[in-house]
Amino acid sequence: MVNFLHELIKPATELPEAEVCLVGLPLDFGTVLEGGRAGAVGAPAAIRRELRRYHKTYNLEHHVHLNRLRIADAGNLALHRPGHAANHAHIREQVAALLRQYPRVVVLGGSHDGSYSTVRGLFDATGGQVVGGINLDAHADVKDRPVISSGTPFGRLLREGFLHGPHFTELGLHSNLNTWPDIEFLHQQQATIVPLAHVQTDGIPLYMSRALSRAAKSGACFVSFDVDSCAEAFAPAVSAPSADGFTPRQATEAAFLAGRQREVRLFEVMELNPVFDRDNQTTRLAATVLAAYLTGVAAELQ
């Protein structure tokens, strides 16, 4: 019997068929454009390292065995093109190809502007069907700017018709980190906004379950988890840390529920910045969130 999670992960060249495929997004240019801290390019390697060190194939809380999961790893996307737009075109193309091959793709990132192109890849892979989704984040990331940055992905997706507003939820937004024009735009798009304070009062399962039900109405959907949605005390190594935020318990509950939703074909862990980590604290949290998602997938397949 396989006891360690990393033993289930094989190169994609060895696993042309699998329940989940991992892919790294070594990207931080979009974060720097927003005035954030550089360093998220190292996120994929850091998350893989923590997955190798700690996590087991049995989940005690849910009594779920992950042994039957096949997890392919497609490595990191080569994002060394001279133009920012060219790198994004490559992300879209490669993620679409992986989603045509595998039922679920997990993105290890990386600047949140990457979501603009991973979600477009999902759109392409599903035959041009407008998608639904969830952004777990301190920030809405819907700014209207001409350059693709970490503050713009979901705004661009909504404005360009890739993302369906009524099937999109911004979950965990912080009270004083979002402008009124951005919130007003989300209202105009008929998106659902769940402030962090509501989650802290009522718990994550209520709002995450509702958000997943909305997103799944589009068929294929995504869940994007920005690590800066967690409080800085738990996650100091992010591009834009916040004093308040989710607890690790809330983050792992959300990820587990996402894994159980078959329509979630794209799951992302974004904005980990290992340059600023303390004893691998944030990287370990990111890996734990990923393990929770994989546990949810295994639970749904049982």
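## The largest pocket

Three nonpolar, ten polar and seven charged residues make up the lining of the largest pocket. That is a lining of 20 residues in a model that is predicted, and the pocket encloses about 330 Å³ of space. Nearest its centre lie Glu 34, His 139, Asp 141, Lys 143 and Gly 151.

Two of these central residues also pair with each other: Glu 34 and Lys 143 form a salt bridge through their side chains, with 2.8 Å from N to O. Glu 34 belongs to the loop between α1 (29-33) and α2 (43-53), while Lys 143 belongs to the loop between β7 (131-136) and α5 (153-159), so this contact ties together parts that are 109 residues apart in sequence.

## Glu 34 and its partners

Let's stay with Glu 34 for a moment. Which residue besides Lys 143 forms a salt bridge with Glu 34? The partner is Arg 145, and the closest N and O atoms are 2.9 Å apart. Here too the pair links distant parts of the chain, since Arg 145 sits in the loop between β7 and α5, 111 residues from Glu 34.

How accessible are the three side chains? Glu 34 is partly exposed at 22% relative accessible area. Lys 143 is partly exposed as well, at 29%, and Arg 145 is also partly exposed, at 39%.

## A network around Glu 50

The structure holds 13 salt bridges, and another one worth a look joins Arg 284 to Glu 50, whose closest N and O atoms are 3.4 Å apart. Arg 284 lies in helix α10 (residues 281-301) and Glu 50 in helix α2, which puts the two 234 residues apart.

Is Glu 50 buried or exposed? With a relative accessible area of 0%, Glu 50 is buried, whereas Arg 284 is partly exposed at 24%. The pair is part of one network, in which salt bridges that share partners join Arg 49, Glu 50, Arg 53 and Arg 284.

## The second largest pocket

Helix α10, home of Arg 284, also helps to line the second largest pocket: α10, β3 (58-59) and α9 (248-260) each supply at least two residues of the lining. This pocket holds about 260 Å³ of space. Its lining has 15 residues, and those closest to the centre are Asn 59, Thr 288, Ala 291, Ala 292 and Thr 295.

By type, the lining of the second largest pocket divides into five nonpolar, six polar and four charged residues.

How values were computed. Residues are numbered from 1 along each chain as its sequence is written. This is a predicted model: local features need pLDDT of at least 70, side-chain atom pairs count only at pLDDT 80 or more; totals for chains, interfaces and linings use all residues. Side-chain values use heavy atoms; hydrogens and water are left out. A salt bridge is a side-chain nitrogen of Lys or Arg within 4 Å of a carboxyl oxygen of Asp or Glu. Helices (H or I, at least four residues) and strands (E, at least two) are DSSP runs, numbered from the N terminus. Buried means under 20% relative accessible area, exposed over 50%, partly exposed in between (1.4 Å probe, protein chains only). On a 1 Å grid over the protein atoms alone, a cavity is a set of points where a 1.4 Å probe fits but cannot get out, and a pocket is an open set with protein on both sides within 12 Å along at least five of seven lines; lining residues have an atom within 4 Å of a point. Grid points are joined across faces, edges and corners, and a volume is the space filled by probe spheres set on the points. Ala, Val, Leu, Ile, Met, Phe, Trp, Tyr, Cys and Pro count as nonpolar, Asp, Glu, Lys and Arg as charged, and the others, Gly among them, as polar.
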